[in-house]
Amino acid sequence: MTESPRDGVQSWTESMSARDRIRAVAESLREPRSVNWISEQADAAWSTTNEELQDLVDQGQLRRVEAGETTRYQPDYTRLLFEEIRTLIEENTREELRSELAAITEEIEEWQATYDVETWEELEQSLADGDLASDELHERRDVITRWEETLEDRRLIKHALVLYSDVEAAREQRINVADRDTN
């Protein structure tokens with residue numbers, strides 16, 4: 001299955017500049033892709049795509065990966081991880097993050113009880129049961145997708161809670177330095 005930038009949203013190409021479309025495609029990559037592939041997905045000229053990708057590499061937002069004689073590009077996943085964690089910390093209190101973690105745990109427990117499984121992998125294996133009606137298969141596939149996404153959210157929230165004090169301390173230090181510089 002090929003990935004598509006913004007899954008099915010066609011109007012995004014009409015309202016964004018070529019460079020914005022290139023950035024959107026580059027940020028959505030799940031595996032290294034060539035300039036040609038990104039250019040095609042972004043509906044942008046090869047030269048514009050190549051320039052923008054070089055800029056993104058220079059800014060540290062993309063990584064260049066050599067695959068034989070082809071150069072491919074992928075997001076800097078480490079940077080993205082830390083940006084997501086930072087956003088969670090900046091936009092939520094500790095208590096809000098703790099509450100979301102509890103809600104995630106409850107949702108997973110409901111799925112475990114409803115389908116009598118411990119993991120989404122076990123639920124996925126149940127799709128092979130010949131006794132399931134098509135609507136039940138669709139429902140289980142949707143739950144599997146949500147379960148996987150929920151586990152990723154839980155992982156990010158746990159990281160955010162672990163780093164919360166450190167990020168707050170760094171923010172306070174920036175504020176104190178800025179205040180000292182203005183006085």
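This section describes the fold, two helix packings and four individual residues of a predicted model.

The chain holds eight helices and three strands. From the N terminus, the order of elements is α-α-β-α-α-β-β-α-α-α-α. Of the 183 residues in the chain, 27% are buried. The accessible surface comes to about 12,100 Å². Carbon and sulfur atoms contribute 44% of that surface. Among contacts with a separation of 6 or more, 58% join residues 24 or more positions apart.

Helix α4 (residues 46–58) takes part in both of the helix packings described here. Its packing with helix α2 (residues 18–27) has an angle of about 60°, and the two axes lie 10 Å apart. The pair is oblique because an angle of about 60° falls outside the 65 to 115 degrees that count as roughly perpendicular and is not under 35 degrees, the limit for roughly parallel. The crossing of α2 past α4 is right-handed. On the α2 side, the contact is formed by A18, R19, I22, R23 and A26. On the α4 side, T48, T49, E51, E52, L53, D55 and L56 take part. Sorted by class, this contact comprises five nonpolar, two polar and five charged residues.

Helix α3 (residues 35–42) also packs on α4. Here the angle is about 110°, and the axes are 9 Å apart. The two helices are therefore roughly perpendicular, since that class spans 65 to 115 degrees. This crossing, too, is right-handed. Helix α3 supplies V35, N36, I38 and S39. These residues meet W46, T49, N50 and L53 of α4. By class, the contact has four nonpolar and four polar residues, with no charged residues. T49 and L53 of α4 thus appear in the contact with α2 and again in the contact with α3.

Strand β1 (residues 33–34) contains S34. S34 has a relative accessible area of 15%. That value is under 20%, so S34 counts as buried. Beyond residues up to four places away in sequence, S34 touches T70, T71 and R72. T70, T71 and R72 fall within strand β3, which covers residues 70–75.

D76 sits in the loop between β3 (70–75) and α5 (77–91). D76 is also buried, at a relative accessible area of 12%. With neighbours within four places in sequence set aside, its contacts are G60, Q61, L62 and R63.

Two further aspartates stand out by backbone geometry. Most residues other than glycine have a negative phi. D43 is not a glycine, yet its phi is positive, at about 55°. D43 is placed in the loop between α3 and α4. This loop thus links the two helices that pack at about 110°. The relative accessibility of D43 is 57%. That is over 50%, so D43 counts as exposed.

D116 likewise has a positive phi of about 55° without being a glycine. D116 lies in the loop between α6 (94–115) and α7 (120–125). At 70% relative accessibility, D116 is exposed as well, because the value is over 50%. Both D43 and D116 are thus exposed loop residues, whereas the loop residue D76 is buried.

Technical notes. Residues are numbered from 1 along each chain as its sequence is written. This is a predicted model: local features need pLDDT of at least 70, side-chain atom pairs count only at pLDDT 80 or more; totals for chains, interfaces and linings use all residues. Side-chain values use heavy atoms; hydrogens and water are left out. Helices (H or I, at least four residues) and strands (E, at least two) are DSSP runs, numbered from the N terminus. Buried means under 20% relative accessible area, exposed over 50%, partly exposed in between (1.4 Å probe, protein chains only). Contact means heavy atoms within 4.5 Å. Axes are lines fitted to C-alpha atoms, for helices over the stretch in contact, and angles run from 0 to 180 degrees between N-to-C directions. A crossing is left-handed if the near helix is turned anticlockwise from the far one by less than a right angle, and right-handed if clockwise. Ala, Val, Leu, Ile, Met, Phe, Trp, Tyr, Cys and Pro count as nonpolar, Asp, Glu, Lys and Arg as charged, and the others, Gly among them, as polar. Accessible areas come from the Shrake-Rupley method with a 1.4 Å probe; for residues, only the protein chains shown count as cover. Angles under 35 degrees count as roughly parallel, over 145 as roughly antiparallel, 65 to 115 as roughly perpendicular and the rest as oblique.
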